[in-house]
Each structure stands twice: as C-alpha cells, then as structure tokens.
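Please look over the sequence and the structure below before reading on. The paragraphs that follow lead from the overall form to single residues and their surroundings.

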Amino acid sequence: EAWIIQTTTGSISTLSSALIMSIILRSQSKLSFPYHRIMFFMSFWDAIASSAMALTTIPMPIDVIYPYAGKSYGNEATC
C-alpha cells in the first residue's frame, strides 16, 4: 500500500538527516564553515519535512471516510 512507502521513506530520510546533523555537531569545527552550516540547516529542514511526510495521515479522524487508505488514529480535534 502507498502509506507504507510514504512512512518508510519519510522515516529513513528523517534518520539520515539527523545523522548528518549529529556528525556535523560532533566534528571539531562544528558550524564554523559555511559548508557545514548549509548542510546542517538543509538537513534540519529536511528532517522536519520528512517527519511531516511520515506522519501525514496519523492525525486524520478515524470515523471519516477518505479516498486515501492510510492509517489514521486521530479525531476531529487533531485534524
């Protein structure tokens, strides 16, 4: 199903971005080079976007019928 691919790729991308950020922050030069700053903030925003992609259907209400057959665990307040 489509939601499995979306959740899997979003989770892998989030973890990969977190790994890049941790490698940069653990290096001796940290964010002192422009390349490190660019890579860090690209990874930061990619982690946020990928997390949103991975969790996109979770807050959808269970009792409302959608044309998308992904997992949903929410209610009308979380939507």
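A residue counts here as buried under 20% relative accessible area, as exposed over 50%, and as partly exposed in between, with a 1.4 Å probe and only protein chains considered. By that scale lysine 30, with a relative accessible area of 41%, is partly exposed. This is a predicted model, in which local features need pLDDT of at least 70 and side-chain atom pairs count only at pLDDT 80 or more, while totals for chains, interfaces and linings use all residues. Residues are numbered from 1 along each chain as its sequence is written, and side-chain values use heavy atoms, with hydrogens and water left out.

The secondary structure of the protein comes to 2 helices and 0 strands, where helices (H or I, at least four residues) and strands (E, at least two) are DSSP runs numbered from the N terminus. The radius of gyration, which is taken over C-alpha atoms and set against a globule rule of 2.2 Å times the number of residues to the power 0.38, is 17 Å for this protein, well over the 12 Å that the rule gives for 79 residues, so the protein is more spread out than a compact globule. The C-alpha trace spans about 50 × 25 × 15 Å along its principal axes. Of the 79 residues, 19% count as buried, and the accessible surface comes to about 5,800 Å², of which 71% belongs to carbon and sulfur atoms; such areas come from the Shrake-Rupley method with a 1.4 Å probe, and for residues only the protein chains shown count as cover.

Contact means heavy atoms within 4.5 Å. Among contacts between residues at least 6 apart in sequence, 34% join residues at least 24 apart. Several residues of the two helices illustrate how separated parts of the sequence come together. Serine 17 in helix α1 is buried, because its relative accessible area is 4%, and, not counting residues up to four places away in sequence, serine 17 touches Ser43, Asp46 and Ala47. Isoleucine 20, also placed in helix α1, is partly exposed at 33% relative accessibility, and its contacts, leaving aside neighbours within four places in sequence, are with Met39 and Ser43. From isoleucine 20 to phenylalanine 44 there are 24 residues in sequence, and the C-alpha atoms of the two are 9.1 Å apart in space. Alanine 49 lies in helix α2 and is partly exposed, with a relative accessible area of 46%; its C-alpha is 8.3 Å from that of threonine 14, although the two are 35 residues apart in sequence.

Between α1 (2–26) and α2 runs a loop that holds lysine 30. What is notable about the phi of lysine 30? Most residues other than glycine have a negative phi. Lysine 30 has a positive phi of about 50° although it is not a glycine.

The aromatic residues deserve a separate look. A pair of aromatic rings is described by the distance of the centres and the angle of the planes. Rings of Phe, Tyr and Trp (its six-membered ring) pair if their centres lie within 6.5 Å, and planes under 30 degrees apart count as stacked, over 60 as edge-to-face and the rest as tilted. The structure holds 2 aromatic pairs. In one of them, the rings of phenylalanine 40 and phenylalanine 41 have centres 5.1 Å apart and planes at 90°, so the pair is edge-to-face. Phenylalanine 40 is buried at 12% relative accessibility, whereas phenylalanine 41 is partly exposed at 42%. Phenylalanine 44 and tryptophan 45 also form an edge-to-face pair, with 4.9 Å from centre to centre and 80° between the planes. Phenylalanine 44, in helix α2, is partly exposed at 31%, and tryptophan 45, which lies in helix α2, is exposed with a relative accessible area of 54%. The C-alpha of tryptophan 45 is 11 Å from that of methionine 21, at a separation of 24 residues in sequence.

The segment after α2 (34–54) contains serine 72. Serine 72 is buried, because its relative accessible area is 19%. Leaving aside neighbours within four places in sequence, serine 72 is in contact with Thr57, Ile58, Met60, Pro61 and Ile62.
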